[in-house]
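Colleague: Hi! Could you walk me through this one while I have it open?
Modeller: Happy to, ask away.

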Amino acid sequence: MFDVIVIGGGPGGYRAAYLLGRKNFKVALVEEENIGGVCLNQGCIPFKSYLHTARTIQEANCLVKENVIAGNAVSLSQSLLCEKREAIIKGLRQGVMNSLKTAGITVYKGTASIAECNDGMLAFHVNGEIIKGKKAVIATGSEEKQLQGIEDASTFSRVIGSREMLEFTEIPDNIDIIGGGAIGLETASFLCDVGCKVTVIEAGSHIGGGLDQEIADGLKKILGKKGIQIFTDTKFARVKDQTLIYESSGNEQTKSPEYVIVSIGRKPRIDGKMLDVLGVKYSIDGIEIDDSCRTSNENVYACGDVTGKLMLAHTAYQQARVIADSMAGIDAKMNYDHIPRIIYSNPEVLSIGVSEEDCKKRGIYFEARTLPMTYSGKYFAENGKDGAKAKMIINEEKRMVGFHMIGNCASEISLAVEMMIANHMRIDSVQNIIYPHPTYGEIICDLAEAFS
Ligand code: FAD
C-alpha cells in the first residue's frame, strides 16, 4: 500500500513524486513511455538544443557575411544534431531517475488504468499488476490538437507534428507551419536559421498567442526580415487538387509545400473512465482543481498540462510543489498571475504579468514605456540594431505589473523580472538595484527611469 500513486512521469509527475518522497511519503510513479514526459523527450529540452545550434549557425554566418570572421559559411549536420539530442535526453533522463532513486520512489513502467476506488483506497492496474494507494496525483499531460481535413494533404505534402519534426534526418527545402503560437514560432525559427523556406499560417490577428500586441507586431517584423513569411488572420480552409487552400477575408491562396507542420495547440490528456470512477470532475479543458491542486475527490490531486492551466513545464513544477506541501499539511496555493511565458525563437520573447490589452480590457489604470534593446550597450555590441525591444507596464501605485521583451537573453532576464513583479516592486526600488554593466538587464533600469 503506497501513500501516494503518481500517474505520469513528466515534469508535473516526477517533480511531485520526488518532493513527496523527500517528505517521507511512500510513493509509486507510473510512466508508460519515458520518464521526463513531453518536456524532456519531445519538447522543451530537444527544442532548445536544436534552437541553440541553429542560432549559433545564424550568428556565425552573419559574422562571415560581415567579413568579421574569415572563412566559409557554416551549415548544419542534421543527423549529428539528432545524435547529440539523444545524448542530451539520455543524460538528463538518467539525472531524473537518479533523483527519484535518492527520494525512494518506486517507478513502474506501464500504463495505469483504474481498478477501483473504495473506502479511501485507490487501486490501479499496471502491466497486469494491481497497485494500491491512499492518495493519487494525476499528471497525464497533454497531446497535440488535430486539424480536421489536413490529412487529405498527405498525398502531396508530408503532414506532421512538432514531435516528428525532431526526427528529420535532412532539412527540407520548404515547409508550411499552421499555427503561430510558441511551438509554431520556435519550429519556424529553427528551420529558418538552418536554411529552410518557412511560411507560418496564423488564424488570429497576432502571432505568439496572448502576447502584448506591440511585442507581437515587433516579433512579426523581425521574423519577416529573417525570411519567415507570416500570414495572420489566415486559416487553413481545405485541400483541393493537390494544393492546400488558405483563406483570409474571403480571399484564397493555394500552396503545395514539401511538409506541413500542424501546431495549433495542445489539449489535456483525459482518461474519462479513470476520472469517472475516481469521482473527479473534468471537461475537455482539463481536470478541475482548486488553488491547492486538489480535485473534487479530496484524495486525488492533479498537476501539469492535464489541468488545462498555462501549459508550461514550470507551471507543472510549481503545482507539484503545492501538492507536496498540501499533502504534508502546509498551506500552499497556486498563483498563476506572474508565470513567465517565453518563446525561444531567435530572437527570444518574454512575457510576464499583464499586457497593455489586458489592462484596457479590465479597465485597469496603467502606464507603459517601450525602449529598443539598443539602450543596453552589450545588446547593441552583440546583436546590433535587430529591432528587439522591451516594454514595462506599471499601475497607479507605480508598481511593475507587466514586462514584455523581444531579444536574445529574454529567458535569462525572466527570473529577475518575475521577482520584481511577484514582490510588487515600485519603479523607485527597481531603479535602486545595482545593475552590472554591461548587461542586457540594464534595460530594466532604463525602462523604470523612463517613467520619471
Ligand atoms: P507531460 O510532460 O506531457 O507528461 C505526462 C506523462 O504522462 C507522459 O510521459 C505520458 O507518457 C504519461 N502518461 C499519460 N497517461 C498515462 C497513464 N495512463 N499511465 C502512465 N503514464 C501516463 N514548456 C516550457 O515550460 N518551456 C518550454 O520551452 C517548452 N517547450 C515546449 C516545446 C514543445 C515542442 C512542446 C510540445 C511543449 C513544450 N513545453 C514547454 C510544454 C511542456 O513540455 C509541458 O508543459 C510539460 O511537459 C507538461 O508536463 P506534464 O507533466 O503535465 O505532462
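Colleague: Which element gives the largest share of the lining of the second largest pocket?
Modeller: That is helix 3, with six residues in the lining. Keep in mind as we go that this is a predicted model.

Colleague: And which elements give two or more residues to that lining?
Modeller: Helix 3, helix 7 (213-226) and helix 11 (377-383) do.

Colleague: What volume does the second largest pocket have, and how do people find such spaces?
Modeller: Its volume is about 630 Å³. As for finding spaces, rolling a probe the size of a water molecule over the atoms shows where empty space is left.

Colleague: Which residues lie nearest the centre of the second largest pocket?
Modeller: Look for Gln-58, Cys-62, Glu-382, Asn-383 and Asp-386, out of 20 lining residues.

Colleague: How many of the lining residues are nonpolar, polar or charged?
Modeller: Nine are charged, six are nonpolar and five are polar.

Colleague: New topic: helix 4. How many residues does helix 4 have, and what length does it reach?
Modeller: Helix 4 covers residues 78-102, which is 25 residues, and it reaches 36 Å from its first C-alpha to its last. That is close to the 36 Å expected at 1.5 Å a residue.

Colleague: Which residues of helix 4 are buried?
Modeller: Gln-78, Leu-81, Cys-82, Arg-85, Ile-89, Val-96 and Leu-100 are. Here is a handy rule for reading such a list. An α-helix has 3.6 residues a turn, so residues three or four places apart point the same way.

Colleague: What covers the buried residues of helix 4?
Modeller: The cover includes helix 1 (11-22), strand 2 (27-31), helix 2 (37-41) and helix 3 (44-65). Strand 3 (106-109) and helix 6 (182-193) are also part of the cover.

Colleague: Does Leu-100 turn up anywhere else? I mean, which residues have the most contacts inside the largest nonpolar core?
Modeller: Leu-100 is one of them, along with Phe-124, Ile-131, Val-137, Ile-138 and Leu-278. That core has 53 residues, and helix 1 gives the largest share, six residues. Another core lies apart from it, with 36 residues, among them Leu-81, Ile-177, Cys-192 and Val-200.

Colleague: Back to Phe-124: what is Phe-124 in contact with, leaving aside its neighbours within four places in sequence?
Modeller: The partners include Ile-5, Ile-7, Ile-114, Ile-131, Met-274 and Leu-278. Ser-113 and Glu-129 are also among the contacts of Phe-124.

Colleague: Now the backbone. What should I expect before hunting for oddities?
Modeller: Most residues other than glycine have a negative phi, and most peptide bonds are trans.

Colleague: Which peptide bond is cis, with omega near 10°?
Modeller: The one from Asn-346 to Pro-347, and Pro-347 lies in the loop between strand 20 (341-343) and strand 21 (349-353). The bond from His-437 to Pro-438 is cis too, with omega near -5°. Pro-438 lies in the loop between helix 13 (427-432) and helix 14 (442-449).

Colleague: And where does Asn-67 lie?
Modeller: Asn-67 is in the loop between helix 3 and helix 4, and its phi is near 65°, a positive value in a residue other than glycine.

Colleague: Is Asn-67 buried or exposed?
Modeller: Asn-67 counts as exposed because its relative accessible area is 67%, and the cut-off for exposed is over 50%.

Colleague: Last one: is Ser-411 in helix 12 (410-422) buried or exposed?
Modeller: Ser-411 counts as buried, because its relative accessibility is 14% and buried means under 20%. Beyond its close sequence neighbours, Ser-411 is in contact with Ile-342, Tyr-344 and Glu-348.

Methods. Residues are numbered from 1 along each chain as its sequence is written. This is a predicted model: local features need pLDDT of at least 70, side-chain atom pairs count only at pLDDT 80 or more; totals for chains, interfaces and linings use all residues. Side-chain values use heavy atoms; hydrogens and water are left out. Helices (H or I, at least four residues) and strands (E, at least two) are DSSP runs, numbered from the N terminus. The expected span of a helix is 1.5 Å times one less than its number of residues. Buried means under 20% relative accessible area, exposed over 50%, partly exposed in between (1.4 Å probe, protein chains only). Contact means heavy atoms within 4.5 Å. On a 1 Å grid over the protein atoms alone, a cavity is a set of points where a 1.4 Å probe fits but cannot get out, and a pocket is an open set with protein on both sides within 12 Å along at least five of seven lines; lining residues have an atom within 4 Å of a point. Grid points are joined across faces, edges and corners, and a volume is the space filled by probe spheres set on the points. Ala, Val, Leu, Ile, Met, Phe, Trp, Tyr, Cys and Pro count as nonpolar, Asp, Glu, Lys and Arg as charged, and the others, Gly among them, as polar. A nonpolar core is a set of buried Ala, Val, Leu, Ile, Met, Phe, Trp, Tyr and Cys residues joined through side-chain atoms within 4.5 Å.
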